[in-house]
Amino acid sequence: MPTSHRAPVTVARLERFRPTHGWANRLLWVDLSDRTIRAEPLDPYVPDYIGGRGLAARLAWDLCPEPVDPFAPANPLMFLPGALTGSRSPYSGRTAVCSFSPQAYPHPWFTRSNMGHHWGAELKRAGYDGLIVTGASDSPVQLIIRDDEVTIAPADDLWGLDAYDAQEAARHAFGADLRTVTIGPAGERLSRIATIHTATSSAAGQGGFGAVMGAKRLKAISVAGSGTVSIAHEEAFQTLVRLVGEGIRTYRRPPNTAALTERLQQVCPGGRVRPYACTAACPTPCNAYYSNVRGVAMPDRVWEGHWTCVGSLFRGVPERGGVYDWALGEAAGLEMNVLSNRYGLNQWEIIIGMVPWLERCGWAGLLSEWDGRPIDWRSPHFWAEFLHALAYREGLGDALAEGGVRAAQALGLGPGLIGRSYTAWGYAGHWDGHGSLANYLVFPYWVVSALQWMSDTRDPYSSSHGYVQNVMRWSPLGAMRNPVNKGPAVTWDEMRGIGQKVYGSPDAVDPHSGYAHKAFPAYYHDLRSVMKDALPTDDQVFPLIYSVTSEDRFFRVGGIEGPAVDSHLFRLGTGVDWDEAAFAHAAERIYTLERALNVRHWGRDRAMDEQALSGFDYEENWQSPELDAKHTLDREAFRPVADEYYRHLGWDVASGRPTEERLVALGLGGVHAPMMAGAAAAEERRLARQAADGAAPAAP
């Protein structure tokens, strides 16, 4: 809890450095321990590390030769917009948030999250390519950034407020023009599933980074900028932006808000729904914003907010049976959506991981009460009490605030059931075909998911939807499930043609192909995930592969093939004369450096990667209508696919570590020696822990 000491006000006026096209050429550094504020040029890092997630990888490598505890003052919390954030580049409002993760398990990897809305664009217009916060205040503080003036101010009056009320209070105190991100009560109490919130449901959800802000006693960061982002080839850039928007709008259309309003008013007279864009520079608003919705659990409150991603499942899906069967409906579902956002809680963790696990514990007769009252997932009142207890760490909520995986261990509650909801690294299932029941995915496509899950530091599908999601939504499989992408399904012959064109083999997307040709799509979309987090673009839309208008159903715009649009936007925006191959080379540099960082910190290797595969040993959730049985992961068939995947990445097949040859080829020649020295030190730490615990050392 905050101390009675009130922080002083610290104000700094910062110098500017010569900007370039795309980049402001300025990083903002704030140390909350000694209250220092400084600016440094970005020049050493670009264009090689592009922006966003790419900058985070390089900064973490330079700053952190050893791992850092997520709650330690030394943990750097990074807010990094992309190279084209603040421009009209499609969906470029996304901001990478990176740090050592409280949520990650069993190791607090340095990893990332992303948030949309307008905060990142405002930071770029204020003249910053990123904000890095280190140290920790001994009392609550907030940051106010107005162009060159940066202020560390007390936040005692904000501490204790929920995320949205804190934003309103900050804007009331310092200016209505500010864009503000905050934490809620969950972050203040160091919940490992705490989020960082913009003014809407767009949040840095995964990673637990709200708790990192809480540990630093940093309640809010507000920014207002008066500048612009310079574009190198303005006319050509704006033309491409317009054509891309027109192309995407042929299939990605706004929600039918009239129908949604009519449905809402059946249970909530006076309620309204309107289209909503969840991020800056969005050419295709696809969210629905609800307003004037009377509370059900709290009938004295009127709520507003928008559904995004998994939040809509708070309504429940009773027709599915089993998990998600709580049937709260529109009004109560929105109420729980808004409440969880205000508390600063990770919705994916709650809906996809924690509650399904608790439900399974109930079905198994292991759990029937919640702190002395019956569990009733069909009651909005129970849900409201559950979310409150989770945010404020009350009763059983204290253990659950550590996240489902840690809670299962601490409580000894259904440890054999937790794997049905949590795929790996402390994260609930997501596009894996086994853990998550929210993403319809069948064999053989989850073979690609298994490769990406085992090599990442978190749930990989904040950035890697491009293969599994799009195959399921565009192919005849998706047409059977009311696809998000409007228009006729892509036939299997057309899918095979696109598989040949993009992945080098029709088997990459063929429903009967089994394990064949799945390594390259995983590798290809690993790099694409970096591009989307560094440029940035929208993860649900890019890379642009499928079309409803072209004869072969492959996306093209302005004479450019869809997957090359990212590199063209980068070249026209920044003036850096990279072709598509050079842009992909930079993305591979970033992805490989992320891997090297985890080898250096934790001795990460292939054996560690393969711990993630247990989440695929269960029978898949759905059976492909093209096949005659459900599948589980065949380890023998999968092993050569993983071998090929490591070879594509330039990682040693036996160890899973980047080879010196590949590091040199990527311009990372100085990385190999410290990476291996760090791995040796990590092994020494592991053996020391085993000795301290009285455990026999494991065989090498």
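A polar contact is a pair of N or O atoms within 3.5 Å, where within protein one atom must be able to donate a hydrogen and the other to accept it. The views below show a predicted model.

**View 1. Surroundings of Ser624 in the loop between helix H20 and helix H21.** The loop that holds Ser624 runs between helix H20 (606-609) and helix H21 (635-649), and the side chain of Ser624 reaches the backbone nitrogen of Glu626 at 3.1 Å. With a relative accessible area of 2%, Ser624 falls under the 20% cut-off and therefore counts as buried. Leaving aside neighbours within four places in sequence, Ser624 is in contact with Val442, Phe443 and Leu477.

**View 2. The largest cavity and its lining.** Among the four cavities of 30 Å³ or more that the structure holds, the largest encloses about 160 Å³ of space. Its lining is made up of 17 residues, and those closest to the centre are Phe110, Arg112, Thr457, Glu594 and Asn598. Helix H1 (53-63), strand S6 (110-115) and helix H19 (580-602) each supply at least two residues of this lining, with H19 giving the most, namely five residues. By class, the lining of the largest cavity comprises seven nonpolar, four polar and six charged residues.

**View 3. The second largest cavity and its lining.** About 70 Å³ of space lies in the second largest cavity, which is lined by eleven residues, with Tyr251, Asn470, Trp474, Val541 and Pro543 lying nearest its centre. The lining of this second largest cavity divides into seven nonpolar residues, three polar residues and one charged residue.

Definitions and conventions:
Residues numbered from 1 in each chain as written. Predicted model: local features only at pLDDT ≥ 70, side-chain atom pairs only at ≥ 80, totals over all residues. Heavy atoms only, no water. 1 Å grid on protein atoms, 1.4 Å probe; cavity = no way out; pocket = protein on both sides within 12 Å on 5 of 7 lines; lining within 4 Å. Points joined across faces, edges and corners; volume = space filled by probe spheres on them. Helix = DSSP H or I, 4+ residues; strand = E, 2+ residues; numbered from the N terminus. Nonpolar A, V, L, I, M, F, W, Y, C, P; charged D, E, K, R; others polar. Buried < 20%, exposed > 50% of the residue type's maximum accessible area, 1.4 Å probe, protein only. Contact = heavy atoms within 4.5 Å.
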